[in-house]
Amino acid sequence: MKPLRKVLIANRGEIAVRIARTLRDMGIASVAVYSEADRDALHVAAADEAFPIGPAPAVESYLNVERLLTVARKAGCDALHPGYGFLSESPELADACAHAQLEFIGPPAAAMRRMGLKVEAREAMRDAGVPIIPGGPAGDLEDARRSASAIGYPVLLKPSAGGGGKGMRRVHSEAELPEALERAKSEARSAFGNDAVYMEKLLDGARHVEVQLLGDRHGNVVHLYERDCSLQRRHQKIVEETPCLALAPERVDEIGRIAVRGAQAIGYWSAGTMEFLLAPTGELYFLEMNTRLQVEHPITEACTGVDLVEEMVRIACGEPLRLSAPPPRSGHAIECRIYAEDPEQGFLPSPGRIDKLVLPAGPGVRNDEGARAGQLIPADYDPLVAKLIVHGRDRGQALRRALRALSEYRITGIATNVHFLRRVLAHEAFVEDRHDTRFLDENLADVLGSPATPSAAQLAALAALKHHASQTSALRPSGASAAATSPWVLAHRRSSWSR
Ligand code: MV4
């Protein structure tokens, strides 16, 4: 167990800044890398040293394993943290680090390989007793027909090498199958360089619930509860929260135990996330496993007090987990992703130089920002500028703090989605916790036209959310909608009764 002295951060933006902060907390030196587009970036200033790695296009810089390893050698690093995105789920990078005598601050390459192939991942999880969505092969039309008649329409064709929702295709009847299969294969080929697809039963109206895992190199795995990431737009997460109020506490224990069992079955270590679909019927099914630190990890940190990056570093050093069971958690946390994009123009990315940048502060507010005033937001990368993480004693307080914090941002020079986020959080479907994964895509016009400041009635409802929300999750049957017991609805009823 040798302590680390210097870590290469193989990433950029807010996650590189966030990793640098924990390394400094731990007394470990940090080394940033930057492309030509990122010379004045905040992550360069946040690290102790910084080295250029090439031109703006990611393939010539942040995705270039050789250049990263050259910098690591030159700077005398003894470990590498990949962050998320870029090379974070590349088993080749993990192998290359091993060859270069660099600790990879992430999971074993074999687990990354296995979870990257979706059919293999399904089989491994099924064998471990993790519930998977009914499905089957769809290698050719014959296979696909047979699978579909076994599981029943509607079905979903999914790319075997993909993930994250890209290239999925719904099929409602056998008549649609031949064309859908051809299209799914050609999309898979162009998106992932591999035309293999498989089939699953289509589950509609589901919520996206994921479980945070931590494992060490000695076979111990614990979970740190769930996150609800149902609020998405075109497979891009926008708002995440924990706990998931649609899951009663005993279901949280159940899904946590299932996720731990799945991770142990593949010899997992480091931080990882198991994604599940929570069907309207209350059934939970494995979707995929993300073998990296996730964008939304800070909400788990807010409720558990665990620094996940610190734990990843200790695990990479070979230390045993400090937790033998999930730690106690408290309150409710919400994350909002601040993007450089213009919701009024179809969410067109809005790169450019940030002129003014004022971040929110005050009770329960954490900023994980990736930029500062005067900095260029390059067009070459993901337009995530910052993350707002709020924590409150319950969902009502967290939601009120999120709305207050969003109103404190002053960002000029680029367009952002801050105002859109206020509309989303103030929308009654979100306040009442009635949204599913299709909510934004199906109600975008409504959300774009709705007020960004809650009405007097909604404010009263938000005040009434108080302790109520965390209690209803225990009382409500699993999977049942919150609407009937929603404090927002109750507040309305109360006010009309009292008149
Ligand atoms: C599904 C599904 C419905 N039925 N699979 C999208 C991302 C990828 N991880 C899997 N995804 C889905 N798989 C079956 N059989 C619906 C989705 C889905 C989704 C899942 C999680 C979060 C947001 C989503 C948005 C649209 C569709």
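In the predicted model, a nitrogen atom of the ligand is placed 2.9 Å from an N or O atom in the side chain of Lys 158, and a ligand nitrogen atom is likewise found 2.9 Å from an N or O atom in the side chain of Glu 200. The backbone also takes part, in that an N or O atom of the main chain of Lys 201 lies 2.6 Å from a nitrogen atom of the ligand. Of the 520 Å² of accessible area that the ligand has on its own, 91% is covered by the protein. The surrounding shell comprises 18 residues, of which Lys 158, Glu 200, Lys 201, Leu 203 and His 208 are the closest to the ligand. By residue class, this shell consists of 7 nonpolar, 6 polar and 5 charged residues. At least two shell residues are supplied by each of strand 7 (155-159), strand 9 (197-201), strand 13 (270-278) and strand 14 (284-290).

Strand 13, which contributes to the ligand shell, is also among the elements against which the buried residues of helix 11 pack. The other packing partners of these residues are helix 1 (13-25), strand 4 (79-81), strand 5 (103-104), strand 10 (207-215) and helix 10 (297-304). Helix 11 spans residues 308-316 and is largely enclosed by the rest of the structure, because 7 of its 9 residues are buried. The buried set is made up of Leu 308, Val 309, Glu 311, Met 312, Val 313, Ile 315 and Ala 316, and thus includes the charged residue Glu 311. At the N-terminal end of helix 11, Asp 307 acts as a cap, with a side-chain oxygen 3.0 Å from the backbone nitrogen of Val 309. Just after the helix, Gly 318 adopts a positive phi of about 95°.

In soluble globular proteins, nonpolar side chains tend to be buried together. The largest nonpolar core of the model holds 38 residues, and within it Val 239, Leu 406 and Leu 425 have the most contacts. Two or more residues of this core come from each of strand 12 (236-242), strand 15 (332-339), strand 22 (384-392), helix 12 (395-408), helix 13 (418-426), helix 14 (428-431) and helix 15 (439-448). Apart from this core lies another, of 33 residues, which includes Ala 20, Ala 46, Leu 214 and Leu 293. Returning to Leu 406, its contacts beyond the neighbours within four places in sequence are with Cys 336, Ile 338, Leu 388, Val 418, Leu 421, Arg 422 and Leu 425.

Technical notes
Residues numbered from 1 in each chain as written. Predicted model: local features only at pLDDT ≥ 70, side-chain atom pairs only at ≥ 80, totals over all residues. Heavy atoms only, no water. Core = buried A, V, L, I, M, F, W, Y, C linked by side-chain atoms within 4.5 Å. Buried < 20%, exposed > 50% of the residue type's maximum accessible area, 1.4 Å probe, protein only. Helix = DSSP H or I, 4+ residues; strand = E, 2+ residues; numbered from the N terminus. Contact = heavy atoms within 4.5 Å. Near = heavy atom within 4 Å. Polar contact = N/O pair within 3.5 Å; in protein donor to acceptor, adjacent residues only side chain to side chain. Areas by Shrake-Rupley, 256 points an atom, 1.4 Å probe, with all protein chains shown as cover.
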